[in-house]
Amino acid sequence: KGQFPRTGLMEFFSAADIEAAMSREVTSALTDPLAIGVDVARFGANNSVIFPRKGRDARTIQRRVYNGINTVELATRVSEAHSDLHSDGLFIDGGGVGGGVVDTLRNMHLFCYDVQFGGKDDVGGGPWGIQGEKYANKRAAMYGAARSWLKGGALPNDPNLRTAMLSIKYSFNNKDEIILMAKEDIMEENPDITLADVDAWVLTFAY
């Protein structure tokens, strides 16, 4: 289109790492915790996604995708997934309309984490092998943990998920912290992709 790329922006995920994660054999232990990440749709055309990950395995248990349901209905679906899968942790994108899902789940006496993408980095890099890396916010830190996990984890072989992951760009701020390209800017440059699956998977690394 004759548009020059933004200077300083680099692909966050390696295409080779993505391909390896989508093709390697699945490995997980019975004792591995099962985390569920939930990305809540902000607009009618977007999907809400419930994404389970058990240790190194984010492939075997299929994610659940919903379109056009309200926050109360989505909370019910999350509760059902938790009951079906006996999950060890629920990580909900609590920003914007996601706060309604968090409130409803807590009214159902179900513990969940209210994850704020714009909050401070409190992920804890040591367990994920990202110690020494500095992140501008919670969103970047979760993505950093996911990127490290990718080198030994297994993802669904999904071309749409691959395309969405490769759309994530990053740079550094004036504190030398990793900062990701804003979701709105990614969607503007790539109007045909959805980031809901990626964000739901990344939410499983919130704590």
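**Briefing: His86, His109 and Lys138**

His86 is situated in the loop that joins helix H2 (71-85) to strand S5 (89-93). The model described here is predicted. This briefing covers His86, then His109, and finally Lys138, which belongs to helix H4 (residues 138-149).

**Backbone and exposure of His86**

- The phi angle of His86 is near 55°, a positive value in a residue that is not glycine.
- His86 has a relative accessibility of 63% and is therefore classed as exposed, because the cut-off for that class is over 50% relative accessible area.

**Backbone and exposure of His109**

- His109 is placed in the loop between helix H3 (98-107) and strand S6 (113-115).
- Although His109 is not a glycine, its phi is positive, at about 60°.
- With a relative accessible area of 76%, His109 counts as exposed.

**Burial and contacts of Lys138**

- Lys138 is found in helix H4, which spans residues 138-149.
- The relative accessibility of Lys138 is 2%, so this lysine counts as buried; the class requires a value under 20%.
- A polar contact of 2.6 Å links the side chain of Lys138 to the side chain of Asp122.
- Leaving aside residues up to four places away in sequence, Lys138 touches Val115, Gln116, Phe117, Gly119, Lys120, Asp121, Asp122 and Val123.
- Lys138 also touches Ala206 and Tyr207.

Technical notes: Residues are numbered from 1 along each chain as its sequence is written. This is a predicted model: local features need pLDDT of at least 70, side-chain atom pairs count only at pLDDT 80 or more; totals for chains, interfaces and linings use all residues. Side-chain values use heavy atoms; hydrogens and water are left out. Helices (H or I, at least four residues) and strands (E, at least two) are DSSP runs, numbered from the N terminus. Buried means under 20% relative accessible area, exposed over 50%, partly exposed in between (1.4 Å probe, protein chains only). A polar contact is a pair of N or O atoms within 3.5 Å; within protein, one must be able to donate a hydrogen and the other to accept it, and residues adjacent in sequence count only if both atoms are side-chain atoms. Contact means heavy atoms within 4.5 Å.
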